[in-house]
Amino acid sequence: MDSALLTQSYSEHLARLEHSYGEVLTQNGLDAIVIHSGSPKLRSAFDDQYWPLRVTPHFQHWLPLTAADCALVVRAGHRPKLVWLKEQNFWEKPPALEHDIWQSGFEIVHVGHRAEAQQYLPKTRVAFVGEDAQCAAEWGFNQADFTPKPLLTQLDALRVRKTAYEELCLAEANRRAAVGHTALAHAFKSGDASELDLHLAYLRATAQDDPQTPYKNIVALGANAATLHHISYGRTAPAGPAQSLLVDAGASFLGYCSDITRTYAKGNTAAASTFAGLVAGVERLQQQLCRDIRIDAPYEALHDRSHAYVAEVLRETGVLKLSAEEAVASGVTRSFFPHGLGHSLGLQCHDVGCASLKPRADNPFLRNTSNIAERQCFTIEPGIYFIDSFMETLQAGPHAPNIDWRLVSELSKLGGVRIEDDIVVVGGSSVTRNLTRQFLPA
């Protein structure tokens with residue numbers, strides 16, 4: 001990571017935020033917006049243990065500080081003020097700063113306890129943004145000022161188009177995750193390990209603790225890959241050599257996420273060979289979809305196109321006897337590919353701003369319904385799965401004769417395939433930058 005480039009791009013990012021928030025303040029007749037960094041949440045109402053802090057993303061949009069009960073005061077024409085809680089706590093030590101490039105951009109006030117912050121916060125024509133209603137009340141904000149939805153929608157929209165600083169952070173998050181994916185590919189191909197072993201190997205390779213990952217790692221051997229978010233890791237190695245592994249895992253840098261999926265196959269059986277062909281087919285169609293991205297085109301149209309490609313791969317593999325057109329029109333492909341093609345990515349794994357419109361009724365799980373625009377960042381993650389409940393429904397339906405059920409039975413033991421990359425729309429002749437492939441080529 002080029003420190004000088006990161007510093008310069010952060011300075012430009014901060015200037016853009018100050019300008020954009022100034023416009024939002026004027027539009028809403030506000031003097032200030034107070035953004036709360038967040039409070040730790042109890043793991044259970046029955047004990048006194050807390051989850052690690054997940055920082056309010058609107059706070060993290062301004063600065064990469066992981067500290068509870070801080071307040072950021074944004075006023076038009078003023079330097080943003082950070083009221084930084086540095087409470088004396090002999091139980092826990094706050095995490096070290098990953099980078100200090102941001103500190104010169106803020107007026108910083110240190111306080112020793114949460115109540116002390118109140119004296120530094122404006123109270124007239126102010127909106128409070130955060131999750132902690134109790135903290136808002138303690139600081140003197142009323143319910144009407146607490147995270148107003150119209151304001152939140154405007155702030156979410158500011159996060160859709162990524163700055164150069166955000167792109168650098170997303171790229172570094174991809175680089176870190178690629179190290180873990182490479183380690184797991186080697187571990188899978190060179191020996192037999194349990195899902196838990198592989199999960200821990202990923203954390204070790206990426207130098208992350210479990211709570212630091214953007215989402216709980218999905219590590220699935222064999223049939224478990226048919227569970228789209230498989231996180232109930234097996235603790236013992238498979239009885240025989242595992243023939244498939246699906247890994248959906250990311251990393252973070254200064255609050256920004258990566259979200260990468262790879263599927264691997266091994267073995268000499270006929271089913272393993274066919275499954276390897278299925279993996280190659282999904283890899284091929286995923287790359288074609290990345291090439292198909294066009295500015296101003298609806299992302300939902302790209303999702304629709306992915307079903308035509310999925311149908312072709314299922315035909316090539318021998319699973320389907322229907323034409324691709326029939327498989328899509330009849331809805332058969334949705335039994336093999338039930339989720340959306342991708343989602344916006346940024347400070348949240350499923351980031352905001354690109355799903356303001358509802359998808360069509362036949363695309364209920366699509367999380368990106370925007371028109372593709374420059375500086376958006378989103379995932380492209382097609383898949384083909386053999387999910388028992390969907391296969392049972394298909395087998396009982398009118399298209400059952402057009403499916404090779406013997407082959408489906410064999411492939412079901414290997415679960416399914418998903419390939420996922422993170423894309424930034426850069427415009428120009430190249431249109432996109434694939435943040436994942438530069439660190440994790442095919």
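These legends walk you through three close-up views of a predicted model.

**View 1. The largest cavity and the residues around it.**
Welcome to the inside of the protein: the structure holds one cavity of 30 Å³ or more. The volume of the largest cavity is about 40 Å³. To find its walls, look for Ala187, Phe188, Gly191, Asp192 and Ala193, then for Leu198, Leu221, Pro238, Ala242 and Lys266. Sorted by class, seven of these lining residues are nonpolar, one is polar and two are charged.

**View 2. The second largest pocket and its lining.**
Here the space amounts to about 460 Å³. A set of 22 residues lines this pocket. Good landmarks are Leu228, His229, His350, Arg367 and Glu381, the lining residues that lie nearest the centre of the pocket. The lining of the second largest pocket is made up of nine nonpolar, six polar and seven charged residues.

**View 3. Gln376 and its surroundings.**
Start from the loop between α10 (333-336) and β11 (377-380), where Gln376 has its place. Gln376 has a relative accessible area of 3%, so this residue counts as buried, the cut-off being under 20%. Its side chain makes a polar contact of 3.4 Å with the side chain of Ser370. Leaving aside residues up to four places away in sequence, Gln376 touches Ser370 and Asn371, along with Val160 and Cys354. Ile423, Val424 and Val425 are also touched by Gln376.

Definitions and conventions
Residues are numbered from 1 along each chain as its sequence is written. This is a predicted model: local features need pLDDT of at least 70, side-chain atom pairs count only at pLDDT 80 or more; totals for chains, interfaces and linings use all residues. Side-chain values use heavy atoms; hydrogens and water are left out. On a 1 Å grid over the protein atoms alone, a cavity is a set of points where a 1.4 Å probe fits but cannot get out, and a pocket is an open set with protein on both sides within 12 Å along at least five of seven lines; lining residues have an atom within 4 Å of a point. Grid points are joined across faces, edges and corners, and a volume is the space filled by probe spheres set on the points. Ala, Val, Leu, Ile, Met, Phe, Trp, Tyr, Cys and Pro count as nonpolar, Asp, Glu, Lys and Arg as charged, and the others, Gly among them, as polar. Helices (H or I, at least four residues) and strands (E, at least two) are DSSP runs, numbered from the N terminus. Buried means under 20% relative accessible area, exposed over 50%, partly exposed in between (1.4 Å probe, protein chains only). A polar contact is a pair of N or O atoms within 3.5 Å; within protein, one must be able to donate a hydrogen and the other to accept it, and residues adjacent in sequence count only if both atoms are side-chain atoms. Contact means heavy atoms within 4.5 Å.
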